[in-house]
Amino acid sequence: MSEFKPLVFSGVQPTGNLHLGNYLGAIRKFVALQESHNCIYCVVDLHALTAQLVHDDLQGQTRSITAAFLAAGIDPKQHIVFNQSRVPGHAELAWIFNCVARIGWMNRMTQFKDKAGKDRENASLGLLAYPSLMAADILLYRATHVPVGDDQKQHLELTRDIAQKFNIDFSKRIADTGLGVDMLVGEERVNGYFPLTEPLIEGPAPRVMSLRDGTKKMSKSDVSDLSRINLTDDADSISKKIRKAKTDPEPLPGDVEGLEGRPEAENLVGIYAALSDTSKEAVIADFGGQQFSAFKPALTELAVSVMSPISAEMRRLMDDPAYIDGVLEDGGDRAGAIAGKTMNDVKEIIGLLY
Ligand code: AQP
C-alpha cells in the first residue's frame with residue numbers, strides 16, 4: 001500500500017526584519033530538517049499583502065528573507081527555496097480551497113481576530129482567507145510535515161480540515177481517477193489526494209515571547225524594538241536588549257517546575273536551551289539558583305555567538321542581489337514543476353477542463 005512520501009514545506013512572510021522567534025520557531029528547524037527530509041522553503045510574499053497591501057520595498061524584503069534562509073544554512077541546491085508569487089498554483093489552489101473551507105472556520109482563527117482587531121469589517125478579505133492560502137502553500141506540494149512556531153498551530157489544524165474535506169467531498173472522483181494515495185487516519189486506512197499534514201512544533205522555545213512582556217509573543221510588528229532580537233542586530237544591540245529584558249527579582253529556580261508562573265524567566269531559559277540545542281532541564285541544571293545578573297551575560301554570549309555569523313553572512317549575500325534572484329528563479333522553476341502536476345490532478349479530480 002502506498003503512503004505519501006515525507007516532504008517538508010514551510011514559509012516566512014517578507015513583512016519586516018526577522019527576529020529570534022522566527023529563527024528559533026522556524027528557520028533553525030528548517031536547517032536541521034534538511035538532513036532527514038526533502039524540503040521546500042518559501043518566502044510567502046502573497047501573504048505579506050493580507051495585512052498591508054502597499055509595501056515600501058517588498059522585493060528587498062523578499063531578498064532579505066531569502067538571504068536569512070541561506071545564511072542560516074539552507075542549501076538551495078539540495079532543497080528548494082523560492083518566493084510564492086512565482087508559482088501561480090498557490091493562488092489557484094487557494095481559490096479552490098476558498099470553496100472547500102467554511103467562513104465559520106476562518107472566523108474562528110485567533111490570528112485573524114488579533115490582526116483584524118475591533119474593525120473586522122474593514123479587514124481585507126485576504127486576511128480572512130489567509131489560512132486557505134497557507135493550506136494551498138503546503139498542499140500544492142502534498143507536504144507531510146510543516147515546521148512552524150506554536151502560533152501557527154491553529155492554521156495547521158485548519159489545513160488538515162481542508163485536506164480532509166476535499167478528500168471526502170471528492171472521494172468518488174479520487175477513486176475513479178486513481179490519483180489518491182492510501183493513508184492511515186487514526187486506526188483507519190483511507191484513500192485521499194491530500195495528506196493530513198503534521199506540524200513540527202516541538203523544542204524548548206516553540207513560542208518565543210517578547211523581551212519586554214513574557215506573556216506576549218515576540219513579533220515583528222511590536223512597536224518596541226527592545227521587545228525582540230532581530231537577526232540583523234549587532235553584538236552591542238543584542239547585549240543591550242538582553243540586559244534590559246524584563247525579569248522578576250528571584251534567582252532562577254532549582255528545577256523546571258519552578259519556572260511556572262514566571263513567564264520572563266521561562267522565556268529566557270527556553271531561548272538559552274533552543275540556542276544551545278539542549279533542554280530547559282539542562283539549562284536549569286547549569287544555572288539554577290543563580291541571579292539574572294549572572295545568567296544574562298551567559299545568554300548574551302551565546303546569542304551573539306549563534307546570531308553574529310548569520311547576520312554577517314546575510315549582509316554579504318544582500319550585496320549580491322543577482323545571486324539571490326538566481327536562487328529564487330531556479331527554486332521557482334523546480335517548485336513550479338511539482339505544483340503544475342498537482343494542479344492538473346486537482347483539475348482532473350474536480351472536473352475542470354485543462
Ligand atoms: N515569537 C515566535 N516564536 C516562535 N516562532 C515564531 N514565529 C513567528 N513568531 C514566533 C514563526 O516564524 C515563522 C514565520 O512567521 P511569519 O513570517 O508568518 O510571521 P509571523 O508569525 O506573522 O511573525 P510575527 O513576527 O508575529 O509578525 P507579525 O508581527 O507581523 O505578526 C512561522 O513558523 C511562525 O510560527
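## Notebook: helices, cores and a ligand site

I began with H90, which I found in helix α4 (residues 89-100). I am working from a predicted model here. Is H90 buried or exposed? Its relative accessibility is 0%, so I logged H90 as buried. I then listed what H90 touches, leaving aside neighbours within four places in sequence. The contacts are F9, F82, Q84 and L133, along with A136, D137, L140 and Y141.

**Domains.** Next I looked up the domain assignment, which gives domain 1 (8-204 + 321-350) and domain 2 (225-317). How far apart are the centres of domain 1 and domain 2? Taken over C-alpha atoms, the separation is 30 Å. I also checked the contacts between them: 17 residues of domain 1 meet 19 residues of domain 2.

**Cores.** I went on to the largest nonpolar core, and it has 60 residues. The residues with the most contacts inside this core are L20, Y23, L24, F69, I271, L275 and F295. Which helix gives the most to this core? I noted helix α13 (residues 292-318), with 11 residues. Domain 1 and domain 2 each supply at least three residues to this core. A general reminder for myself: nonpolar side chains tend to be buried together in soluble globular proteins.

I picked F295 for a closer look. Beyond four places in sequence, F295 is in contact with L252, L268, V269, Y272, V283 and F287. Apart from the largest core there is another one, of 48 residues, and I jotted down C42, V44, M109 and A116 among them.

**Helix α10.** I turned to α10 (residues 235-244), where the buried residues are I238, K241 and I242. Why do I say that they line one face of the helix? Seen down the axis of α10, the buried residues fall within an arc of 95 degrees, so one face holds them. That buried set packs against α13. On the face turned away from the buried side I found the exposed residues D236 and R243.

**M318.** I stayed with α13 for a moment, as M318 lies in that helix. M318 has a relative accessible area of 32%, so I entered it as partly exposed. Not counting residues up to four places away in sequence, M318 touches G60, R63, S64, A67 and I324. For distance, I compared M318 with I271: they are 47 residues apart in sequence, and their C-alpha atoms are 27 Å apart in space.

**Ligand.** Which residues come nearest to the ligand? Of the 21 residues around it, I wrote down D151, K217, S219, K220 and S221. Then I pulled some atom distances. A side-chain N or O atom of S221 is 2.4 Å from an oxygen atom of the ligand. For K115, a side-chain N or O atom is 2.9 Å from a ligand oxygen. V208 uses its backbone: an N or O atom there lies 2.8 Å from a nitrogen atom of the ligand.

**N22.** My last stop was N22, in helix α1 (residues 20-33). Its relative accessibility is 16%, so N22 counts as buried, the cut-off being under 20%. Outside four places in sequence, N22 touches N17, I27 and K220. K220 was already in my notes as one of the residues that come nearest to the ligand. I also paired N22 with S279: they sit 257 residues apart in sequence and 19 Å apart in space, C-alpha to C-alpha.

Methods
Residues numbered from 1 in each chain as written. Predicted model: local features only at pLDDT ≥ 70, side-chain atom pairs only at ≥ 80, totals over all residues. Heavy atoms only, no water. Core = buried A, V, L, I, M, F, W, Y, C linked by side-chain atoms within 4.5 Å. Buried < 20%, exposed > 50% of the residue type's maximum accessible area, 1.4 Å probe, protein only. Helix = DSSP H or I, 4+ residues; strand = E, 2+ residues; numbered from the N terminus. Domains from an automatic or database assignment. Contact = heavy atoms within 4.5 Å. Arc of directions from axis to C-beta. Near = heavy atom within 4 Å. Polar contact = N/O pair within 3.5 Å; in protein donor to acceptor, adjacent residues only side chain to side chain.
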